[in-house]
Amino acid sequence: MTFKLSELPYAIDALEPYISARTLEFHHGKHHQSYIKKLNKAIADTGYEELPLESIIARSHGTTHSDIYNNAAQAWNHAFLWQSMSPEGGGSPDGLLLEKLESSFGDLAGFADAFKKAAKGQFGSGWAWLVNDKGTLKVLATANAGTPLVQDQSPLLTLDVWEHAYYLDYQNNRAGYVDDFLNHLINWEFAAANLAAWRTAA
């Protein structure tokens, strides 16, 4: 199996002014593409090449195949990231997702505070996540290529806090980037669909 870079789910300039077309050209077209290229090279003739991406991540995690894990996880994380943002994002969720956020964080503002703390507080490179942990919603941060997939948690949405995700637009103002994601880009419909899929499977 040869993995290929998926298309963005929106036009390259659709997230402006919060994320520029230039940032997405580098982030999607170069960084994400590089992870996929390195992954295809790393799994050649290893037995991993016949597996789906999620299985590669699970099997390589914690092994000596750190190059395979890192590139597989980053390929998956980035594909998930593009879906976690929307040109029509922001606002408030409703239905089951809102109920779960309120029961888990007190209210939507409580979720936002927890997410900001995770995203802004992640030292160096990494990710902030909203996850479903066996029916309870949690916010967590992972370093580098870390992903909740190997922690028996179901990701609902994510934000990349590696500098390449925001530096062209925000320089060192990670806080502003996180705020704009929560206020204008967060894709609640995607998170709700992921929660519904877990509930159906459970």
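A salt bridge is counted here when a side-chain nitrogen of Lys or Arg lies within 4 Å of a carboxyl oxygen of Asp or Glu. The model is predicted, so local features are given only at pLDDT of at least 70 and side-chain atom pairs only at pLDDT 80 or more, whereas totals for chains, interfaces and linings use all residues. Residues are numbered from 1 along each chain as its sequence is written, and side-chain values use heavy atoms, with hydrogens and water left out.

**Salt bridges**

Side chains of opposite charge can pair when their charged atoms come close. Over the whole structure, a search finds five salt bridges. Three of them are listed below with their N to O distances.

| Basic residue | Acidic residue | N to O distance |
|---|---|---|
| Lys138 | Asp133 | 2.8 Å |
| Lys134 | Asp152 | 3.2 Å |
| Lys120 | Asp179 | 3.7 Å |

Helices (H or I, at least four residues) and strands (E, at least two) are DSSP runs, numbered from the N terminus. The pair of Lys134 and Asp152 links distant parts of the chain, 18 residues apart: Lys134 is in the loop between β1 (126–133) and β2 (136–143), and Asp152 is in the loop between β2 and β3 (154–160). Salt bridges with shared partners join Asp133, Lys134, Lys138 and Asp152 into one network.

Accessibility is sorted by relative accessible area, with a 1.4 Å probe and protein chains only: buried means under 20%, exposed over 50%, and partly exposed in between. Within the network, Asp133 counts as buried at 14%, and Lys138 is partly exposed at 35%. Lys134 is exposed at 60%, as is Asp152 at 56%.

**Helices α5 and α7**

The remaining bridge in the table belongs to a helix pair. Lys120 lies in helix α5 and Asp179 in helix α7, so their salt bridge ties together parts that are 59 residues apart in sequence. Lys120 is partly exposed at 38% relative accessibility, and Asp179 is partly exposed at 23%.

Axes are lines fitted to C-alpha atoms, for helices over the stretch in contact, and angles between N-to-C directions run from 0 to 180 degrees. On that basis, the axes of α5 (residues 108–121) and α7 (residues 174–185) come within 10 Å and cross at roughly 145 degrees. The crossing is right-handed; a crossing has this hand if the near helix is turned clockwise from the far one by less than a right angle, and is left-handed if anticlockwise.

Contact means heavy atoms within 4.5 Å. On the α5 side the contact is made by Phe111, Ala112, Phe115, Lys116, Ala119 and Lys120, and on the α7 side by Arg174, Ala175, Val178, Asp179, Phe181 and Leu182. By class, this contact has eight nonpolar, no polar and four charged residues. In that scheme Ala, Val, Leu, Ile, Met, Phe, Trp, Tyr, Cys and Pro are nonpolar, Asp, Glu, Lys and Arg are charged, and the others, Gly among them, are polar.

**Helix α2 and the loop after it**

Helix α2 spans residues 53–60, and Leu53, Ile56, Ile57 and Ser60 in it are buried. Seen down the axis of α2, these buried residues fall within an arc of 100 degrees, so they line one face of the helix. The arc is taken from the directions from the helix axis to the C-beta atoms. The buried residues pack against α1 (21–43) and α3 (66–84). On the other side of α2, Ala58 and Arg59 are exposed.

His61 lies in the loop between α2 and α3 and is partly exposed at 39% relative accessibility. Leaving aside residues up to four places away in sequence, His61 touches Tyr69 and Val150. His61 and Val150 are 89 residues apart along the chain, with their C-alpha atoms separated by 7.3 Å. Gly62, just after α2, takes a positive phi of about 75 degrees.

**Backbone exceptions**

Most residues other than glycine have a negative phi, and most peptide bonds are trans. Asp45 has a positive phi, near 60 degrees; Asp45 sits in the loop between α1 and α2 and is exposed at 77% relative accessibility. Asn144 also has a positive phi, near 55 degrees; Asn144 is in the loop between β2 and β3 and is partly exposed at 45%. The peptide bond from Glu16 to Pro17 is cis, with omega near 10 degrees, and Pro17 lies in the segment before α1.
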